[in-house]
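Reader: I would like to learn how to read a model of this kind, feature by feature. Could you take me through it, giving the general idea before each case?

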Amino acid sequence: MKPREELVLIDGNSLLNRAFYALPLLTGKDGQYTNAVYGFANMLVRLITEYSPAYIAVAFDVKGGTFRNKMYEGYKATRHGMPEELAVQLPVLREMLDVMGIRYIGIEGIEADDIIGTLAAKHKLPTLILTGDRDSFQLISDTTTVLFTRRGITEVEVMTPESLKSAMGLSPSQIVDYKALAGDSSDNIPGVQGIGNKRACELLSAYGSVAGVYAHIDEIKGKLKENLEKGRQSCEMSYALATIKTDCDIDIPVSELTYRFPFSREVMEFFDRHDFKSLTRRAELFGESVKAEERYEQAEIIAVRGAGELLAAADGHEKTGISFSDGRISLSPDGTHQYDLELKVDLISDGPTEGEALRALAPLLADEKIIKYVYDVKSVMRRLDTFGVRIRGYEDVALMDYLARPNFKYSSAEGFAETLGLNPYSDAAALIQGGRNLMHTLEESGMNKLYREMELPLTEVLFDMQKTGFKLDLKLLEELKRKYTALADESTERIYELAGRHFNINSPKQLGIVLFDELKLPYPKKRSERSTSAEILGAIKDAHPVVEEVLRYRFVSKIKSTYLEGLSKVAGTDGVVHTEFNQMQTSTGRLSSSEPNLQNIPVREEDGKALRALFIARDGNVL
């Protein structure tokens, strides 16, 4: 992979924070928190493999104020401090960057944005800026692109002058003007009081810039003109606060921003020490002299025409991997060969139907002497049960992975194959290869007993509970729906009476206008955008009777829509509700329930009792 003459500048604090909040708290072998570093590493690897830049630098904020804090004491004053679980990962991240040979820069008195802005301006190279901070949009140009992290650590939006115009209706040079007018709640930049995001865009569309707005102030009428005149000084200060400096005293030649890729043995050892197994398995990330932690062999995939050929392939083998994909059943007796049976999914496709194939495989699936490696055996049981087929003698690779790997994320057999660096369509072969290694890991870590005696037997218990379901009193359900519909209607009329008019109570915007503009209730927080959340309403519930009534309306409406109508939709004609018990979702090992969540039925006083009374025992049984 030949590097491209491109420079990548990474907002270290932004990416680290995003990774921390996107991933559950993970720990390495030594018990140290690693989720933020793991997420950062994955994003960095993805960037290197996709873009192959010749130069990388990571910019960090350093504790202590900058010229912006001297200009305005409130700058970034609303931000919470870094959680301790994240703070302890900073030295680990720096260690990772050191072993990768990636330069990181933090300078007292200079923000990471200014470091990035200066380096982008100094080095005349095609530049990519990786960040989750919209401030960086002002740096976009024909040669500078922002890779904006939108969700978690996987979704990135490529921002160019054209895409910025399409998304916000602004040019890069107007971003500072926009923040000067609208402010920025994340950095606590005040902007002009009374001018929000939409109005700021309208002004810039009409006049081009802040300077253009004030040059034509006499053309602007009414309250808007008044707000602009009152807020002129704040606007000028906000403009200065929002402007990224591109001329800081930073003398770092681009030759010092090279890095080592493929990665060295030191990087492999770092990944191994911190239990980043999905990265150690990716042999393409390391030089030829570095042996990946576990090498998995790509299987030869062989197409078969009938279930009988799958049975023949398994004959004589004590263990086999089986994967049930949409439109395909795959079997691997040894991990190096995989036999694929394509199923009939429409009128023109060949092969047996799923039911025909599964019924033909029933003897193999029920044979306890032949161990089947599958992914999430409970979901397999549910699928087979549709056709009257049972599975006996199995190993659950997903469950083993859940116990063995702290950063486990439920996926599929294809997804599991990808974590091993294998073709996702060699999923059955991956199950038997990876399953054997996971078995060894459980034995080494002392979790084999937990897997064998508790978690694996539990899958069949949970499947039986799901299949049996919970019976509802359908007559009582209809009575409660009528009762809470009437209560919601009564509450609605009471709110209209107290407010003095009709409006959409479910609209936060309309409710905000009624409460804070028309009834003049005090807003309990200093912020540019108003909220009508439960926290805000709870803080002002004594200010006016309508607030308490809105809270009551929301509670009654939630019971009606979420619980009563929700249960009506999922209950069968026999009144039975079948939930899904999730065995591999929480990091603590707790069970969770979904579709619907039956572990979240309210207990609050009479309302909770009424809802819980819906669940009844079948004839001849008691609760």
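Author: Let us begin with a term that we shall need throughout: helices and strands are DSSP runs, of at least four residues for a helix (H or I) and at least two for a strand (E), and they are numbered from the N terminus. With that in hand, a residue can be placed by its elements, and D367, for example, sits in the loop between α16 (354-366) and β11 (371-374). Please keep in mind that this is a predicted model.

Reader: How many helices and strands does the protein have, and what box do its C-alpha atoms fill?

Author: There are 26 helices and 17 strands, and the C-alpha atoms occupy a box of roughly 90 × 70 × 50 Å along the principal axes. Of the 623 residues, 48% count as buried. If one takes the contacts between residues at least 6 apart in sequence, 64% of them join residues at least 24 apart.

Reader: Since you mentioned D367, is this residue buried, partly exposed or exposed, and what is it in contact with?

Author: Buried means under 20% relative accessible area and exposed means over 50%, with partly exposed in between. D367 has a relative accessible area of 28%, and therefore counts as partly exposed. Apart from neighbours within four places in sequence, D367 is in contact with K372 and R392. As for distances across the model, the C-alpha atoms of D367 and Q138 are separated by 65 Å, the two residues being 229 apart along the chain.

Reader: And where does Q433 lie, and is it buried or exposed?

Author: Q433 belongs to helix α20 (residues 427-444), and because its relative accessibility is 12%, it counts as buried. Setting aside neighbours within four places in sequence, its contacts are Y296, E297, G335 and L422.

Reader: How should I read the packing of two helices, and at what angle do α18 and α21 pack?

Author: Two packed helices are described by the angle between their axes and the distance between the axes. Helix α18 (residues 397-404) packs with helix α21 (residues 448-468) at an angle of about 130°, and their axes are 11 Å apart. That angle makes α18 oblique to α21, and the crossing in which α18 passes α21 is right-handed. On the α18 side the contact involves L399, M400 and L403, which meet L450, Y451, E455, L456 and T459 of α21. By class, the residues of this contact divide into 6 nonpolar, 1 polar and 1 charged.

Reader: What do the same descriptors give for α22 and α25?

Author: Helix α22 (residues 474-499) and helix α25 (residues 545-570) pack at about 155°, with 9 Å between their axes. Angles over 145 degrees count as roughly antiparallel, which is why α22 is described as roughly antiparallel to α25. The crossing of α22 past α25 is left-handed, and their contact has 14 nonpolar, 5 polar and 6 charged residues.

Reader: How do I recognise the buried face of a helix, and which residues of α12 are buried?

Author: An α-helix has 3.6 residues a turn, so residues three or four places apart point the same way. In helix α12 (residues 232-242) the buried residues are C235, S238, L241 and A242. Viewed down the axis of α12, these buried residues fall within an arc of 125°, so they line one face of the helix. Q233 and E236, on the other side of α12, are exposed. The buried residues of α12 pack against α3 (67-71), α8 (175-182) and α10 (210-215).

Reader: Finally, what should I look for in the backbone, and which peptide bond before P262 is cis?

Author: Most residues other than glycine have a negative phi, and most peptide bonds are trans. The bond from F261 to P262 is cis, with omega near 0°, and P262 lies in the loop between α12 and α13 (265-273). Another cis peptide bond joins E595 and P596, with omega about 0°, P596 being in the loop between β16 (592-594) and α26 (605-612).

Reader: Which value of phi does D376 have, and which does K520 have?

Author: D376 has a phi near 65°, a positive value in a residue other than glycine, and K520 has a positive phi near 60°. D376 is in the loop between β11 and α17 (377-385) and, at 8% relative accessibility, counts as buried. K520 is in the loop between α23 (508-518) and α24 (534-539), and with a relative accessible area of 65% K520 is exposed.

Definitions and conventions: Residues numbered from 1 in each chain as written. Predicted model: local features only at pLDDT ≥ 70, side-chain atom pairs only at ≥ 80, totals over all residues. Heavy atoms only, no water. Axes fitted to C-alpha atoms, helices over the stretch in contact; angles between N-to-C directions. Parallel < 35°, antiparallel > 145°, perpendicular 65-115°, else oblique. Left-handed = near helix turned anticlockwise from the far one by under 90°. Contact = heavy atoms within 4.5 Å. Nonpolar A, V, L, I, M, F, W, Y, C, P; charged D, E, K, R; others polar. Buried < 20%, exposed > 50% of the residue type's maximum accessible area, 1.4 Å probe, protein only. Arc of directions from axis to C-beta.
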